[in-house]
Amino acid sequence: MSYDITIFLIWGWALGRMSETLQSEGFGHEDAGIASQPKYPASLPVLEFPKPLVGLVRRKRDWVIPPINFPENSRGPFPEHMVQFRSNNDKEVKILYSITGSGVDQPPVGLFTVDKNSGFLYVTQPLDRERKNHYVLLARAVAVGAGIAEDPMEIIVKVIDMNDNKPVFTQDPFTGIVPEASLPGFEVMEVTATDADEPGSANSDVRYTIINQEPELPSRNMFFINPVTGGIRVNAAGLDRENIPKYTLEIQAADMEGNGLSCFGKSIITVTDSNDIAPQFEKSSNTVSVPENKVNALVVKMPVSDGDEPHSSNWATKYRIVDGDPGRMFTVNTGPSRLEGIITTAKPLDFEKDNRYTLLVTVENEVPFATPLPTSTSTVQVNVEDRNDAPVFDPVEKVVSISEHLPVDSDLVLYTAIDPDIMAHKLMYRMDRDPAKWLDINSETGMIKTKHSLDRESPFAKDGKYRVLILAIEDEIPATGTGTILIELEDVNDNAPTIDDTPLKLCNQDPRLVRLAVTDRDGPGFAEPFSVELLEGSNMYCAAQMDETGTVVELTFKAMREQRNFYINLRVTDAGGLKQDHVIHVTMNEDSCMTWGDFCVRS
């Protein structure tokens, strides 16, 4: 016979812990009897097996058995009652009850047991939700003697969280940094705590609180913590690394939305440097004297102070001259200490033009200020000291264009210097560098004349230019100025074209083409392209022409039976019409030929 299952679940668990002793014949697993069992309260939950159906027909199972909720960490006494199983046939026949499943005959074995006669379910020791949060049991009821078994009943024992775990910070201490002068609302860091109780329940719902700040300056509430996220933000203005470089916050984390178990930890917040202190000149004004005519001369060193973190970009300085130097005569740089401005001369100062400068200098840090700050300034009065200035040629380099055929003893150019001093001195002139010795200079007037013929093609001239250095010397105080004359020599067609007229030795049977390069020392317009012609019957021996570049003569000789010695007369003309005649001795050999260079030679 089989039965459908109807469940009648009577819960009175909230009325209190069972205190009366059950009266029964025994309890436990089928194999284990319990000598005595305590009385049980009338409020004990009861699960009933269903009544049988007529015709031995099973009903479709469309019911759901609610779980048995049992609190963790119960203090007993043990074994402690949980629920009673009952068959609706227990008045007609004797029923034996049994259970299987996790916590019974599966690990952890022996955690649950049932009185086989009464159907009372017991737990033998405290449950721990964090170790296992539910157990699945299978309850059975069998009629003794009749051999009739009820359908098995699946029971889920759900372990109820009792908030037995307090929150734990994920680290301790937490560390964070915050730039000084940060505004309220700046997010510094986040602290976190975990709770092993049931996720999503109030038992694991953690809230955060700052319970102490050390030091309590400049305000006791410099920081605020988000109670839900644990995010710590700046709450008040006034962070100042130079006065308070570090804060220690004591943090509480409590579950039950802040009203339950709690733990404590620390958050150490380091205040980092911001550029909130402007550098200051130690002196607001300086007066110095600097000699004229010197470049990179030291003018003044200007020390400053800065209260920001030493050797940081917030502390290191840079400088600008903002007024008093329209000609950019000075430059200012940061000294090796990084707390000093050094002014030097960028150009030679000239006492005769300007004997005093008043410079306005500002100082800033390498990085911008964190907040608007006034900029420190200092003035520097520079007095220029007079020195004996060397004579100065005007211009320093003078260009002169003349023909290379300028006659000897001709005036070339007048080249003089001036004394820039207020009290001018008499000047004397002297030739300092004249490599070809072509020129002479009048020591009093500075007139330069030719004393030898000029030659554009001379090795002393480069690309047709000849350079001469002239000295102007003061007669009283030794001071010398230097000037340059650059002579551009205008080319004259005074060099005829030439060829290599080395004697030729050729094979009379098979003479080769002979190529003769033409050279001309003159410049463009008076050199290539060249032309060539044969003179005095030379065309009976060979033909002559220029190659396509106009710089090489090509001679094509005629073959001969016998040995011959003869001369070839050539005339080569440059592009300017200047001609040059050449005679070349030619030997035609009858012996066997061998190649040697451009010649075919009989051995």
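**Reading strands, burial and a cavity**

Me: Which residue in E21 is the bridge partner of Gln280?

Reply: In E21, Gln280 has Ser305 as its bridge partner. The model is predicted: local features need pLDDT of at least 70, side-chain atom pairs count only at pLDDT 80 or more, and totals for chains, interfaces and linings use all residues. Residues are numbered from 1 along each chain as its sequence is written, and side-chain values use heavy atoms, with hydrogens and water left out.

Me: How many bridges join E19 to E21, and in what order do the strands of their open sheet lie?

Reply: Strands and helices are DSSP runs numbered from the N terminus (E, at least two residues; H or I, at least four), and two strands pair if DSSP finds at least two bridges between them. E19 and E21 (residues 298-305) run antiparallel and are joined by two bridges. Their open sheet has four strands, in the order E19-E21-E24-E23, with antiparallel pairing. At its edges are E19 (280-281) and E23 (330-334), each of which pairs on one side only.

Me: How should the side chains of strand E11 be read, and which of them are buried?

Reply: In a regular strand, side chains alternate between the two faces of the sheet. Along E11 (residues 174-179), Phe174, Gly176 and Val178 point to one face and are buried, whereas Thr175, Ile177 and Pro179 point to the other and are not. Buried means under 20% relative accessible area, exposed over 50%, and partly exposed in between (1.4 Å probe, protein chains only). Across the whole protein of 603 residues, 42% count as buried.

Me: Why does Val178 count as buried, and which residues surround it in contact?

Reply: Val178 counts as buried because its relative accessible area is 0%. Contact means heavy atoms within 4.5 Å. Leaving aside neighbours within four places in sequence, Val178 is in contact with Phe186, Val188, Val234, Leu239, Ile269, Thr270, Val271 and Thr272. One of these, Val271, is also the bridge partner of Val178 in E18. E11 pairs with E18 (residues 262-272) in the parallel sense over six bridges. Leu239 is 61 residues from Val178 in sequence, yet their C-alpha atoms are 8.8 Å apart in space.

Me: How far apart in sequence are contacting residues in the protein as a whole?

Reply: Among contacts between residues at least 6 apart in sequence, 67% join residues at least 24 apart. The protein has one helix and 45 strands.

Me: Which strands each supply at least two residues of the lining of the largest cavity?

Reply: Strand E22 (317-323) and strand E25 (356-365) do so.
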